[in-house]
Structures are given as C-alpha cells and as structure tokens.
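Thank you all for coming; I would like to spend a few minutes on one structure, going through a helix and its surroundings and then through some aromatic contacts. Please keep the view in front of you as I talk.

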Amino acid sequence: MGAVKGPGQRPGVGAVLLGLGRVTRFLGFVLGAGAGSGLAHAFFVDPGPDVQDIHWSVRVLLVVAVPFSGWLLFAGGRRLVVRGKQHRAPVIASFGQLRGERYLLYLRPFGMDRRMAEPPPDAPGGGMRSPFEMPGHTTEDFILRQFSALGKVVAVGQPGEELPLLGARRGYLPLDDWKAPVSALLQGSHTVLLSVAPGPGTEWEFTEALRTVAPERFVLMVACGAGEYDAFRRGVAELYAARRCQEGGSAWASLPDLPDCPVPAPGGKRQWVLPVRAFITFDREWRPTVFPFVVRVPWLRHLWTVRRLIHGELQPLLGRLGRLPARGTVDVVPLQRSAGEPARSPDPSPRPAASPPIPAARQPLLGSVHVHHQRAPRKRWRRGGSGWRG
C-alpha cells in the first residue's frame, strides 16, 4: 500500500527526535534507577571524608532529586520517541489502494483521539514494574497492535490534525464528502472495530454497519463510561429508526439489543484496568457477546509478562476473527485528492461536484449465512528454504 507524507510530517525531524528520545530515555533510566542507590551508599552507608563535610539535608535532597530528575528525563524521552514516530508514521495516499487487500477498519469519534493518544496506564506491581514494559506506545497503538496479525488496521484521520496519531494507519477524507467512502470501507473490511461513544458521525457509522457488514465482522470497543455508552445506545436507536424510515429498502438488519455498559469485575490490587474495558461481538442473529478486557498482573514478573497477558486475554476474540474467510475484491471509493494536498478546482469555473452515492450493500454482506468459519492459513516453515511461507 502506498504511503505519502501526511499533514505536518517531516521524516528528517522524526529521525532526529527518535534518536534524541532514545538517548534521553536511556540516560533518564540510568539516573532514575542507578543514581539513587549509588548516592545513598556514597552519602550515608560508606561516606568518605569529603562527603562528611556536606550537610545531611543537602545529601538527602540529592538522593531524592537526582533519581526524580532521571525519571522526568525518561518520561520526556518517551514523549520525544512518540513524536518522532508520528513524523514517520505511514499515511494512506488513497483508500482506493486498499482494494483486494486484507484490512481492519477502526472507527471512532475524533474526540476520542486525544484520550487514546496518551500512554497506557502503568500496570500494578510496585517494585516489579518496569518502565520498558510499554516503551514508546500510546494506548491506541498498544491496543490496535494486538489486531495487526489479522490485517492492516486503517482509519480515517481527523481533518486538520497536526500529525497522524500512532496506531491505525490514517487516510484523510474531506469533511463534506466522507459517508460514501466510509460505507465502501465498511463493505471491504475484514473486521470493523468501532469505539463506542456518542456523536452523529459514529452513530451513522454504526447504523451503516448494520446495513453493510456481516455480524461476525463487527466488533464494538468499549472505552467510555456508562453515561457515554447509554447516550450512544439512545442515539443509534433514534438514528436507526429515522434512516430505516427515510431510506427504506430491505438491506437493514434488526437493531441489536446492546447489553448494558460492561463493568470490570473487582480483581484486587493486581487488577490492571486499561482505558478499553471490553469488546462486544455479535453472532449471525446479531446477539451480542461481551469480552471483558481486564488483566490481573502477578507481582513477580519479567519484561514480557504484561504483553503476554494482554495477548492471552485477547486470544479468544482474535482467534474468532482470524477464522473468518478472506473478503473478495470490492469497489473502495478512492480519495479525490492525495493526503495533505489542499483542495483545488479542476478548472477555472468549477461547478459543485455531485457526491458519489453511498454504495448499495451487496447481498453476500448482509448476513452471516454467507460467512463460513474457516481457519486462516498459517505460516509454515519451508524445508530447504530460507524463510516462512504462507
């Protein structure tokens, strides 16, 4: 898939920020982890003659301030790494290039981007917690990375954003002409991940998914509170009734009876509650199933423990989605201009272009009766060769 520079991206600046951030993060870790114990030993455990001349209050201040400065330096280095990755993140030149490729579509209200751009919260564990458990990840990047084995995760970027966010690969659509391309992207996606939150755009995407997406390919991601969740349920019910009445036709599934907002079960001090609290899937009759996303972290662990726990927690969901068959080629509506390119008139006397019609749902996409559960092809080692093959 072709990649171009997105809005505000400067790959050279990104490379400098990445290098500087990694060096800063390493120096901060050395100061934060090693300087405190070293100074405590030199100032109090085995002080030399020169050290004894330093007042005890100054020594205490140094023992506290130097490690604290190191961790601040580490946090700053991590932000530089994220910023550098944003400058170098690949951007989709045209959604038309997705035709024939396997991809997952990530939908969400743009207002959620800021929340998902923050680093994941630290896992519990006290002294066993490592700052390198989630190095250089944002919450979106960390969560969506778990789905990357199923295909490329793509999303429509927020118009006018300074830099593309990490996580799903962004492409850009004009504000006044996005529904037809999004409808086509829904029909061609292997799986649709929709983050639940109230808003006219997200509610339209939900109702459009009911019209164009097989139930097994539709997943709701709950990363909001009960109030937002209930507002979303009310909004989609009203919009669904209005669209079904106005647009008519037979390509409308029944409105699913969404469950109440999932509440994490109490898991004690070892429970790690992430911003995404649950996933909701559907069977062929649009009956929902809730997959809680709560991890209990052991006190004793190594650097990779948390990542393995996350993967294991999502394995039932990932396995279910991975067994869905590949989609055929569909007509994905291309962008009218490249990402980041300002809109321009094709002739000196432009006329308003008619918006392309929203693609009609194709019959094989309307129900899961056409979705036969098959195992996705696994990679095997080729004897006598030098690598993996599909």
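**Helix α8 and the aromatic pairs**

The buried residues of helix α8 pack against four elements, namely β6 (191–195), α7 (200–212), β7 (218–222) and β8. I should say at the outset that this is a predicted model, and everything that follows should be heard with that in mind.

Which residues of α8 are the buried ones? They are Y229, F232, G235, V236, Y240 and R243, and, when one looks down the axis of α8, these buried residues fall within an arc of 140°, so they line one face of the helix. As a reminder, an α-helix has 3.6 residues a turn, so residues three or four places apart point the same way. On the face of α8 turned away from that buried side we find the exposed residues G227, R234, E238 and C245.

As for the length of the helix, α8 covers residues 226–247, and its 22 residues, at 1.5 Å a residue, should span 32 Å; the C-alpha atoms at its ends are 31 Å apart, which agrees. Just after α8 comes G248, which takes a positive phi of about 60°.

One of the buried residues of α8, F232, also belongs to an aromatic cluster, whose members are F206, F218, F232, F282 and W286.

That brings me to the aromatic pairs, of which a search of the whole structure finds ten. In one of them, the ring centres of F29 and W71 lie 6.2 Å apart with the planes at 75°, and since planes over 60 degrees apart count as edge-to-face, that is how this pair is classed. F29 sits in helix α1 (residues 11–45) and W71 in helix α3 (residues 56–88), so the pair ties together parts that are 42 residues apart in sequence. Are these two rings buried or exposed? The answer lies in between: F29 is partly exposed, with a relative accessible area of 27%, and W71 is likewise partly exposed, with a value of 34%.

F279 and F293 also form an edge-to-face aromatic pair, with 5.8 Å from centre to centre and 65° between the planes. This pair links distant parts of the chain, 14 residues apart, with F279 in strand β8 (residues 271–282) and F293 in strand β9 (residues 288–296). Here F279 counts as buried at 0% relative accessibility, and F293 is buried too, with a relative accessible area of 1%.

Definitions and conventions: Residues are numbered from 1 along each chain as its sequence is written. This is a predicted model: local features need pLDDT of at least 70, side-chain atom pairs count only at pLDDT 80 or more; totals for chains, interfaces and linings use all residues. Side-chain values use heavy atoms; hydrogens and water are left out. Rings of Phe, Tyr and Trp (its six-membered ring) pair if their centres lie within 6.5 Å; planes under 30 degrees apart count as stacked, over 60 as edge-to-face and the rest as tilted. Helices (H or I, at least four residues) and strands (E, at least two) are DSSP runs, numbered from the N terminus. Buried means under 20% relative accessible area, exposed over 50%, partly exposed in between (1.4 Å probe, protein chains only). The expected span of a helix is 1.5 Å times one less than its number of residues. The arc is that of the directions from the helix axis to the C-beta atoms. Contact means heavy atoms within 4.5 Å.
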